[in-house]
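I opened my notebook to look up a few contacts between side chains. The entries below follow the order in which I looked.

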Amino acid sequence: DPQQAELAASKKKLRRFIVIDEVVDKLYGSKVREYFEENNVQHKILALPTTEETKSMDLVLNILHEVQKFSLDRRTEPIIAIGGGVCLDIVGLAASLYRRRTPYIRVPTTLLSYVDASVGAKNGVNFLQCKNKLGGYTPPVASFLDRSFIQSIPRRHISNGLGEILKMALMKHKGLFDLLKSHGKYLLDTKFQSCNGLADHGDAALQTTRIAIETMLEELAPNLWEDDLDRLVDFGHLISPELEMRVLPSLMHGEAVNVDMAFMTYVAHARGLLGAEEKEQILQCMRGLELPLWHRGCSWALIQRALRERLRHGGGQPRMPLPTGLGVAEIFNDTSEEILERAYELWVRD
């Protein structure tokens, strides 16, 4: 990088501002500090509680106060975010606001953020009890992916990330669906680490994460700023934003997404897009990944409210992605209330 070479030539000391989730800091903070000290980098590490409950403009402003005190060079000193999806979202928004755009780097530490928040340009915070109501589109200068972080997160968090991976499998990639169906329990047991000597599974962790990220990039790259609102990646995100915020903290993001996907699987079946066997294969895969298929908070009234919000958000169209088979999908704007209600009754009954 010419700028870095120029800095080195001028003997200017490298400086970095790092925001790290406080839980990650307890686990890895000493290694992060040791790294910057060994490389003679002047640094400030800000450890914060980054959860859905704290994902607000207040936390963004807190970060920006500290950035201002540190006095960043807004072109050559990127802010570094180390944490889960909430941390990456908050820091991304803070960086996009500081001096109109300061570069930042994403280092995801959960499976969900590894395959989802690390990809794409979006950032944001919750506002007025609405998920990611404030935000923008500012891509990071880099995302550094290291699966070894994932070995320290609880099993439920692995399952949570598998929800977003399953989304991409159902929408775009039957091979990925087959991987999840065959190796789901193994991936949970090994926490997505590449283990030698287990020939039956190959390197399922590497294959699964690589395909999930590649399919996500295929969808996002041509439409990075969402000029086109017809997006397959919105599968599982029609009902879940309303549900997740309503029942906090009982459902994690990927779990709420899976509840939404389970309902939409019933909708696809009620419309005749999925046969009974395909529907059961999807539900069985979800169970194998230890994801919830239903939640008591997902009432018919909540679904109606969420879909009304979707109409406003989608320019007057529901833009409902639905599976039309395993690994293939289309977007529909003509799902009747009668079909939705019939699907809901079958879903609750089962």
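**Entry 1: aromatic rings**

I began with Trp300. Is Trp300 buried or exposed? I found a relative accessibility of 17% for Trp300, so this residue counts as buried. The cut-off for buried is under 20%. I keep in mind that this is a predicted model.

Next I looked up the aromatic pairs. The structure holds seven of them. One of these pairs is formed by Trp300 and Tyr344. Their ring centres are 5.6 Å apart. The planes stand at 40°, and the pair is listed as tilted.

I then checked where the two partners sit. Trp300 belongs to helix 12, residues 300–313. Tyr344 belongs to helix 13, residues 337–349. The two are 44 residues apart, and the pair links distant parts of the chain.

I looked up the cover on Tyr344 as well. Its relative accessibility is 16%, so Tyr344 counts as buried too.

Tyr344 has a further ring partner, Trp347. What kind of pair do Tyr344 and Trp347 make? Their planes are at 65°, so the pair is edge-to-face. The ring centres lie 5.9 Å apart. Both residues are in helix 13. They are three residues apart, which means a separation of about one helical turn. Trp347 is buried, as is Tyr344.

I closed this entry with the cluster. Phe263 joins Trp300, Tyr344 and Trp347 in one aromatic cluster.

**Entry 2: salt bridges**

How many salt bridges are there? I noted a count of 29. I looked up three of them by name.

The first I noted was Lys44 with Glu66. Their side chains meet in a salt bridge at 3.8 Å, N to O. Lys44 is in strand 2, residues 42–48, and Glu66 is in helix 3. They are 22 residues apart, and this pair also links distant parts of the chain. Lys44 has a relative accessible area of 30%, so I wrote it down as partly exposed. Glu66 is at 17%, so it counts as buried.

Then I turned to helix 13 again. Glu338 and Arg342 both lie in this helix. They are four residues apart, about one turn of the helix. Their side chains form a salt bridge at 4.0 Å, N to O. Glu338 counts as exposed because its relative accessibility is 59%, where the cut-off is over 50%. Arg342 has a relative accessible area of 36%, so Arg342 is partly exposed.

Which residues do salt bridges with shared partners join into one network? I listed Lys122, Glu226, Arg231, Asp234 and Arg310. Within that network I looked at Asp234 and Arg231. Their side chains meet at 2.9 Å, N to O. Both Asp234 and Arg231 are buried.

**Entry 3: a charged patch**

Last, I looked at charge on the surface. Which residues gather in a patch of positive charge there? I found Arg74, Arg75, Arg99, Arg100 and Arg101.

I picked Arg75 for a second look. Arg75 sits in the loop between helix 3 (57–70) and strand 3 (79–83). Its relative accessible area is 39%, so Arg75 is partly exposed. Helix 3 had come up before, as the home of Glu66.

Note on methods:
Residues numbered from 1 in each chain as written. Predicted model: local features only at pLDDT ≥ 70, side-chain atom pairs only at ≥ 80, totals over all residues. Heavy atoms only, no water. Patch = residues over 30% accessible without salt bridge, like charges linked within 9 Å, V, L, I, M, F, W, Y side chains within 5 Å. Areas by Shrake-Rupley, 256 points an atom, 1.4 Å probe, with all protein chains shown as cover. Lys, Arg positive; Asp, Glu negative; His and termini not counted. Charge placed at Lys NZ, Arg CZ, Asp CG, Glu CD. Buried < 20%, exposed > 50% of the residue type's maximum accessible area, 1.4 Å probe, protein only. Phe/Tyr/Trp six-rings, centres within 6.5 Å; stacked < 30°, edge-to-face > 60°.
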